[in-house]
Amino acid sequence: MASLSIRDLPDDVHRRLRIRAARAGRSMEAEVRAILESATRDESEASSTGLQDWVDSLYGSKKPKSVVDEFIRERRRAAETE
């Protein structure tokens, strides 16, 4: 597993993190791990939702069917010629 060191963490952030960890019944290290896992999981879910929202905003009600399928076909054709 990877390790991460955080430098120059402000004292007030450290204090709030310590309190948050204590309330959750975890060590500070376990609390930071939980925060990072949650933040990265939410980010990936949000990015896929954001992508769909972006596509919807581009095409509106005129969104073509099978956009993804066509994109995959194009990428496969391009890979075959490389």
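Where is D8 found? Good morning, everyone. D8 is found in the segment before α1, and I shall return to that residue shortly. Please keep in mind throughout that the structure above is a predicted model.

Let me begin with the overall picture. The protein chain contains 3 helices and 0 strands, and along the sequence the pattern reads α-α-α. Of the 82 residues in the protein chain, 5% are buried. The accessible surface of the protein chain is about 7500 Å², and carbon and sulfur atoms account for 52% of that surface.

I now turn to the segment before α1, where D8 is found. D8 has a positive phi of about 55°, although D8 is not a glycine. For context, most residues other than glycine have a negative phi. D8 also counts as exposed, because its relative accessibility is 77% and the cut-off for exposed is over 50%.

The segment before α1, which helix occupies residues 11-24, also holds L4. Is L4 buried or exposed? L4 is exposed, with a relative accessible area of 63%. Together with I6, L9 and L36, L4 makes a nonpolar surface patch of about 390 Å².

Next, I would like to discuss charged side chains. As a general principle, side chains of opposite charge can pair when their charged atoms come close. In this model, the count comes to 4 salt bridges.

Consider E31 in particular. E31 is placed in helix α2, which covers residues 28-59. Why does E31 count as buried? The reason is its relative accessibility of 2%, since buried means under 20%. Which residues does E31 touch, if we leave out those up to four places away in sequence? They are L17, R20, A21, A24 and R26.

Two of these contacts are also salt-bridge partners of E31. The side chains of E31 and R20 meet in a salt bridge, at 2.7 Å from N to O. Because E31 lies in helix α2 and R20 in helix α1, this pair ties together parts that are 11 residues apart in sequence. E31 also forms a salt bridge with R26, and here the closest N and O atoms are 2.8 Å apart. R20, R26 and E31 are thus linked in a network of salt bridges. Unlike the buried E31, R20 is partly exposed, with a relative accessible area of 46%, and R26 is partly exposed as well, at 40%.

A further salt bridge joins the side chains of E29 and R33, at 3.1 Å from N to O. Both residues lie in helix α2, 4 residues apart, which is about one turn of the helix. E29 counts as exposed at 58% relative accessibility, while R33 counts as partly exposed at 41%.

My last topic is the largest pocket. How much space lies in the largest pocket? The value is about 550 Å³. The elements that give two or more residues to its lining are α1 and α2, and α2 gives the most, with 6 residues. The lining consists of 16 residues, and L4, E29, V32, R33 and L36 lie nearest the centre of the pocket.

Of these, V32 deserves a closing word. V32 lies in helix α2 and is partly exposed, with a relative accessible area of 24%. The C-alpha atoms of V32 and A21 are separated by 8.3 Å, and the two residues are 11 residues apart along the chain. Thank you for your attention.

Methods: Residues are numbered from 1 along each chain as its sequence is written. This is a predicted model: local features need pLDDT of at least 70, side-chain atom pairs count only at pLDDT 80 or more; totals for chains, interfaces and linings use all residues. Side-chain values use heavy atoms; hydrogens and water are left out. Patches are made of residues with over 30% relative accessible area and no salt bridge: like charges are joined within 9 Å, nonpolar side chains (Val, Leu, Ile, Met, Phe, Trp, Tyr) within 5 Å. Accessible areas come from the Shrake-Rupley method with a 1.4 Å probe; for residues, only the protein chains shown count as cover. Buried means under 20% relative accessible area, exposed over 50%, partly exposed in between (1.4 Å probe, protein chains only). Contact means heavy atoms within 4.5 Å. On a 1 Å grid over the protein atoms alone, a cavity is a set of points where a 1.4 Å probe fits but cannot get out, and a pocket is an open set with protein on both sides within 12 Å along at least five of seven lines; lining residues have an atom within 4 Å of a point. Grid points are joined across faces, edges and corners, and a volume is the space filled by probe spheres set on the points.
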